[in-house]
Amino acid sequence: AKLDPRDAVTERQIVLSTEIMKDGTQMSLMNGKSWRDPVSERVKLGTSEVWSLVNTTIDVHPFHMHLVNFQVLDRTPFNVEEYNKSGRIIYTGPTEIADPNEQGWKDVARATPGMVTRVIMKFDSFAGHYIYHCHILEHEDMDMMRPFEILK
């Protein structure tokens with residue numbers, strides 16, 4: 001069964017970025033935060049949310065959530081340069097529906113460069129602490145991994 005975006009209690013943006021730190025190291029981050037930063041996504045058990053994966057990088061990121069299945073809704077191209085300057089998303093083309101192989105339940109989805117990939121999920125498994133991350137090992141090592149919490 002398809003989840004309906006109108007049933008989502010909120011829509012969150014998860015910005016995928018590559019940043020050069022003060023010491024010159026390159027980090028791959030989500031919402032500008034590292035693994036060690038406090039939990040910023042707290043969701044209520046039994047609710048649905050839409051997460052917009054805003055990929056500002058040149059890489060495809062296989063986005064993975066632990067113990068939460070989701071459905072890919074669509075992808076829309078946006079102006080990355082403008083976003084990096086102003087933080088505004090300006091769409092540059094038509095929205096594309098999910099590919100045929102993405103029509104079912106997923107725990108990994110392709111976050112395409114220069115696209116906003118929207119996924120919808122229902123947090124109906126268990127309350128507790130989980131993680132979401134890029135499934136490329138080197139990106140996980142560069143902190144493209146974040147904790148989230150499902151609350152009762």
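Is R118 buried, partly exposed or exposed? With a relative accessible area of 22%, R118 is partly exposed. That value is computed from a predicted model, as are the others in this report. R118 makes a good starting point, since two salt bridges pass through this residue.

## Charged pairs around R118

Let's begin with the partner in strand β6. The side chains of R118 and D74 form a salt bridge, with 2.9 Å from N to O. R118 belongs to strand β9 and D74 to strand β6, so this pair ties together parts of the chain that are 44 residues apart in sequence. D74 itself counts as buried because its relative accessibility is 11%, and the limit for buried is under 20%.

What does D74 touch beyond its neighbours within four places in sequence? Its contacts are T95, E96, I97, A98, V116, T117 and R118. D74 sits in strand β6, which spans residues 70-77.

The other partner of R118 is E11, and here the N to O distance is 4.0 Å. This bridge links distant parts of the chain, as E11 is in strand β1 (residues 8-20) and R118 is in strand β9 (residues 115-122), 107 residues apart. E11 is partly exposed, with a relative accessible area of 46%.

## Salt bridges elsewhere

The model has 11 salt bridges in total. Another of them joins the side chains of D143 and R36, at 3.4 Å from N to O. Both ends of this pair are in loops: D143 is between α2 (137-141) and β11 (145-151), while R36 is between β2 and β3, and the two are 107 residues apart. The two ends contrast in exposure. D143 is buried, with a relative accessible area of 8%, whereas R36 is exposed at 64%.

Here are the three pairs side by side.

| Salt bridge | N to O distance |
|---|---|
| E11 and R118 | 4.0 Å |
| D143 and R36 | 3.4 Å |
| R118 and D74 | 2.9 Å |

There is also a network to look for: R75, D99, E102 and R110 are joined into one by salt bridges that share partners.

The loop that holds R36 also holds P38, between β2 (26-30) and β3 (41-44). P38 counts as exposed because its relative accessibility is 63%, and the limit for exposed is over 50%. From P38 to E19 the C-alpha atoms are 19 Å apart in space, and the two residues are 19 apart in sequence.

## How the strands pair

Which strands make up the open sheet, and in what order? Six strands form this sheet in the order β2-β1-β4-β9-β6-β7, with mixed pairing. At its edges are β2 and β7 (96-97), each of which pairs on one side only. β6 and β7 are antiparallel and share two bridges. In that region, R75 has E96 in β7 as its bridge partner. E96 is also among the contacts of D74, and R75 is one of the residues in the salt-bridge network.

Now turn to β11, which pairs with both β3 and β10. β3 and β11 run parallel and are joined by four bridges, with K44 standing opposite L151 in β11. β10 and β11, on the other hand, are antiparallel and pair over six bridges. There, H129 stands opposite E149 in β11. Much of β11 is covered, as six of its seven residues are buried.

## Nonpolar cores

The largest nonpolar core has 23 residues, and W51, M65 and F123 touch the most other members. At least two residues of this core come from each of β1, β4 (48-55), β5 (61-65), β6, β8 (108-111), β9, β10 (128-134) and β11. β10 gives the largest share, three residues.

M65 is worth a look in the viewer. Leaving out residues up to four places away in sequence, M65 touches W51, F70, D107, M121, F123, I131, Y132 and F148. W51 and F123, the residues named beside M65 for touching the most other core members, are both on that list.

A second core is separate from this one and has six residues, including V54, F78, V80 and V116. V116 also brings us back to D74, since V116 is among the residues in contact with D74.

Methods: Residues are numbered from 1 along each chain as its sequence is written. This is a predicted model: local features need pLDDT of at least 70, side-chain atom pairs count only at pLDDT 80 or more; totals for chains, interfaces and linings use all residues. Side-chain values use heavy atoms; hydrogens and water are left out. Buried means under 20% relative accessible area, exposed over 50%, partly exposed in between (1.4 Å probe, protein chains only). Contact means heavy atoms within 4.5 Å. A nonpolar core is a set of buried Ala, Val, Leu, Ile, Met, Phe, Trp, Tyr and Cys residues joined through side-chain atoms within 4.5 Å. Two strands pair if DSSP finds at least two bridges between them.
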